Amino acid sequence: PYTAGAYNGLLPTDVGTKLYFPGLYNNYYGFYSEMVIQNTSSLVANISIQFYGKTGAPEGAPYTHVIPVGASAVFTLSELFPALPSGNSATYSATVTSDVAIGGIANTWSAYMHGEYATYNGSADGALEAYVPSLLNKYYGFQTALSIQNVDTAPATVTVTYSNGHTVTKTIDPNTKAELIQPNDPDLPSGNTLGIFSAKVVSDKKIIALVNVEDKLKGSLASWNASPIASNDVLCSVVMREYYKWFTAETVMNAGSTQADVTITYSDGKT
């Protein structure tokens, strides 16, 4: 079926000698993943990939590979890692280390769910906070899952505070992730009016966060990285209104402690 995805081009802050991927799947309810790792240095990259399961223990031995200068390599979980368990429990996080700077993305797809496909960026570092402007619980058919990976060396105590005041606290072992599926939380309202939230994630150790958005009936899937920073200015490179039948919506989260007055200025000067 027709499908497409989008991801952010890598900035200098997105590359490094270690990358973290909080959401990877190997036939997890029909979903599969791959990582695409780019050598961003002027030297050959010697990389090592380590997967982690739900228990915090490493899954198998590290996988090593050499990436030439300026090149990228694709690592498909189901093809390159035959010893990696598959099935409805096969949801993983991964750490990719290198002797030179690398960057990367992860792709996720399902052949069974109408050809769903999504992409997100690997993270080169974590932070003690993450801002999540849009979480959905059966909101016009859409629902979300929030994955939080501990990228520190000690267990992390993580608190997620939703915009309706509901809080969830998790302890996450190093390198592993916690997955919060919004429709599975009985304290979150649902529906076309109440089923949309923002959230702030606070941790005592470094974390990264990822959101997956899905409409199972329409076969729509998207993934995006939660932001570790908030600012007074945000740039949107592409917005559309009936552009070949495509349209967009900007979702703005107030990350401060007082009311925010927001102005959106479009490229034609309208505000």
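By class, the residues that line the second largest pocket of this predicted model comprise nine nonpolar, six polar and three charged members. The lining consists of 18 residues, and those that lie nearest the centre of the pocket are Tyr28, Phe31, Ala145, Glu214 and Lys216. The volume of the second largest pocket is about 420 Å³. Several strands contribute to its wall: at least two lining residues each are supplied by strand S1 (16-28), strand S9 (142-150), strand S12 (177-181), strand S13 (196-215) and strand S14 (220-225).

On the surface, a nonpolar patch of about 400 Å² is formed by Val239, Val252, Val262, Ile264 and Tyr266. Of these residues, Ile264 is placed in the segment that follows S14, and its relative accessibility of 32% lies between the limits of 20% for buried and 50% for exposed residues, so that Ile264 is classed as partly exposed.

Turning to charged contacts, side chains of opposite charge can pair when their charged atoms come close. Over the whole structure, six salt bridges are found. One of these salt bridges joins the side chains of Lys206 and Asp125, with an N to O distance of 3.2 Å. Because Lys206 belongs to strand S13 whereas Asp125 sits in the loop between strand S7 (117-121) and strand S8 (127-139), this pair ties together parts of the chain that are 81 residues apart in sequence. Lys206 is partly exposed, its relative accessible area being 32%, and Asp125, at 47% relative accessibility, is likewise counted as partly exposed.

A further salt bridge is made between the side chains of Asp215 and Lys218, where the N to O distance is 3.4 Å. The two partners fall into separate accessibility classes: Asp215 has a relative accessible area of 3% and is therefore buried, the limit for that class being under 20%, whereas Lys218, with a relative accessibility of 59%, counts as exposed because this value is over 50%. In the salt bridge between Asp268 and Lys270, the closest N and O atoms are 3.5 Å apart, and here both Asp268 and Lys270 are exposed.

Note on methods: Residues are numbered from 1 along each chain as its sequence is written. This is a predicted model: local features need pLDDT of at least 70, side-chain atom pairs count only at pLDDT 80 or more; totals for chains, interfaces and linings use all residues. Side-chain values use heavy atoms; hydrogens and water are left out. On a 1 Å grid over the protein atoms alone, a cavity is a set of points where a 1.4 Å probe fits but cannot get out, and a pocket is an open set with protein on both sides within 12 Å along at least five of seven lines; lining residues have an atom within 4 Å of a point. Grid points are joined across faces, edges and corners, and a volume is the space filled by probe spheres set on the points. Helices (H or I, at least four residues) and strands (E, at least two) are DSSP runs, numbered from the N terminus. Ala, Val, Leu, Ile, Met, Phe, Trp, Tyr, Cys and Pro count as nonpolar, Asp, Glu, Lys and Arg as charged, and the others, Gly among them, as polar. Patches are made of residues with over 30% relative accessible area and no salt bridge: like charges are joined within 9 Å, nonpolar side chains (Val, Leu, Ile, Met, Phe, Trp, Tyr) within 5 Å. Accessible areas come from the Shrake-Rupley method with a 1.4 Å probe; for residues, only the protein chains shown count as cover. A salt bridge is a side-chain nitrogen of Lys or Arg within 4 Å of a carboxyl oxygen of Asp or Glu. Buried means under 20% relative accessible area, exposed over 50%, partly exposed in between (1.4 Å probe, protein chains only).
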